[in-house]
Amino acid sequence: MSSVKIAPSILSANFAKLGEEISMIDKAGCDYIHIDVMDGHFVPNITFGPEIIKKIRPYTKKIFDVHLMINPVKKFIPDYINAGADIITIHEEINDDVENCLRLIKKHGLKTGISIKPNTSEKKLEKYLDLLDLILVMTVEPGFGGQTFMHSQLKKIKNIREMIGEKSIDLEVDGGINNSTSKLTIEAGANVLVAGSAVFRNCNYKHNIEELRSI
Ligand code: DX5
Ligand code: ZN
């Protein structure tokens, strides 16, 4: 049984039938549901907010892995907690105090994540390691699905895997993950793969998820 977890990004799902899509990827065997929240400010795209997350929550018991590509973020964290998030990942590049945000998420019993854009050094994460359950490495510039994987991030993934050492922190990768790049990221040390277009490219979600997981 592979220890690699698959987190389909619903950014690539059919928004006109989101609830149905969620139960389909649940039945197809995904591990997490990756929810890309974008505010049109931190990234040049707008997706969905807490009300949509609240509405899709009843469609699955799988982990809601909420990726907040928003800035500011602190004042909105309670909304995502109430909406049913299980993991809340914020970006290191935000203006808010990152440590305060991580402590707020933790205080409510949720898992904490931090994400860094391709141009942000992994060294910026070192001071937060004791507060983290997940590190999300962007392998594209955040904002859109269907972009090309950035091989330049493989060294960063390796370095973060070393930084994590024995700590139980998930190393998640996000952007351009498909059947060939998935293997590169797993070999570099990733154990959670976000995939939007690779999962939703056709309606055979079970096959697409299993292919990504097999290295
Ligand atoms: C991009 C998002 C990614 C994206 C992945 O900003 O954070 O999760 O949806 O989509 P693919 O897998 O198509 O690159
Ligand atoms: Zn994402």
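Colleague: Let's start with helix 6: which elements are included in what covers its buried residues?

Modeller: Happy to, and bear in mind that this is a predicted model. The buried residues of helix 6, which spans residues 181-188, are Thr181, Ser182, Thr185, Ile186 and Ala188. They sit on the same side of the helix, because their arc around the axis is only 160 degrees. The cover over these residues includes helix 5 (154-164), strand 7 (170-174), strand 8 and helix 8 (205-213).

Colleague: What follows helix 6, and what is near 125 degrees there?

Modeller: The helix runs over residues 181-188. Next comes Gly189, and the angle in question is its positive phi, near 125 degrees.

Colleague: Helix 8 came up as part of that cover. Why do its buried residues lie on the same side?

Modeller: The buried residues here are Tyr205, Asn208, Ile209, Leu212 and Arg213. Their packing partners are strand 1 (5-8), helix 1, helix 6, strand 8 and helix 7. They share a side of helix 8 because the arc they cover around the axis is only 135 degrees.

Colleague: Good, so on to Ala7: is this residue buried or exposed?

Modeller: Ala7 belongs to strand 1. Leaving aside neighbours within four places in sequence, Ala7 has contacts with Tyr32, His34, Asp65, Glu172, Val192, Leu193, Val194 and Ala195. Residues under 20% relative accessible area count as buried. Ala7 has 0% relative accessibility, so the answer is buried.

Colleague: How far apart in space are Asp31 and Ala7, C-alpha to C-alpha?

Modeller: Asp31 is found in the loop between helix 1 (18-27) and strand 2. Among the residues that Asp31 touches, beyond four places in sequence, are Val4, Lys5 and Ile6. Asp31 and Ala7 are 24 residues apart in sequence, and their C-alpha separation is 5.9 Å.

Colleague: And how many Å separate Ala7 and Lys54?

Modeller: In sequence these two are 47 residues apart. From C-alpha to C-alpha, the separation of Ala7 and Lys54 in space is 19 Å.

Colleague: What relative accessible area does Asp31 have?

Modeller: Besides the residues already named, Asp31 touches Lys62, Ile63 and Arg213. The partly exposed class lies between 20% and 50%. Asp31 falls in that class, with a value of 24%.

Colleague: Moving to the strands, which residue in strand 5 stands opposite Ile90?

Modeller: Strand 5, residues 111-116, is mostly covered, with five of its six residues buried. Strand 4 (residues 87-91) runs parallel to strand 5, and five bridges join the two. Opposite Ile90 in strand 5 stands Ile114.

Colleague: Which residue does a cis peptide bond join to Asn71?

Modeller: The omega of this bond is about 0 degrees. The partner lies in the loop between strand 3 and helix 3 (77-83). Its name is Pro72.

Colleague: Last topic, the largest pocket: how much space lies in it?

Modeller: Its lining has 27 residues, and Gly145, Gly146, Gly175, Gly176 and Gly196 are those nearest its centre. Strand 2 (32-38), strand 3 (63-69), strand 8 (192-195) and helix 7 (197-200) are the elements that give two or more residues to the lining. As for the volume, the space in the largest pocket is about 280 Å³.

Colleague: How many charged residues does that lining have?

Modeller: Sorted by class, the lining of the largest pocket has 13 polar and 12 nonpolar residues. The charged ones number two.

Technical notes. Residues are numbered from 1 along each chain as its sequence is written. Chains are lettered from A and ligands numbered from 1 in the order in which they are written. This is a predicted model: local features need pLDDT of at least 70, side-chain atom pairs count only at pLDDT 80 or more; totals for chains, interfaces and linings use all residues. Side-chain values use heavy atoms; hydrogens and water are left out. On a 1 Å grid over the protein atoms alone, a cavity is a set of points where a 1.4 Å probe fits but cannot get out, and a pocket is an open set with protein on both sides within 12 Å along at least five of seven lines; lining residues have an atom within 4 Å of a point. Grid points are joined across faces, edges and corners, and a volume is the space filled by probe spheres set on the points. Helices (H or I, at least four residues) and strands (E, at least two) are DSSP runs, numbered from the N terminus. Ala, Val, Leu, Ile, Met, Phe, Trp, Tyr, Cys and Pro count as nonpolar, Asp, Glu, Lys and Arg as charged, and the others, Gly among them, as polar. Buried means under 20% relative accessible area, exposed over 50%, partly exposed in between (1.4 Å probe, protein chains only). The arc is that of the directions from the helix axis to the C-beta atoms. Contact means heavy atoms within 4.5 Å. Two strands pair if DSSP finds at least two bridges between them.
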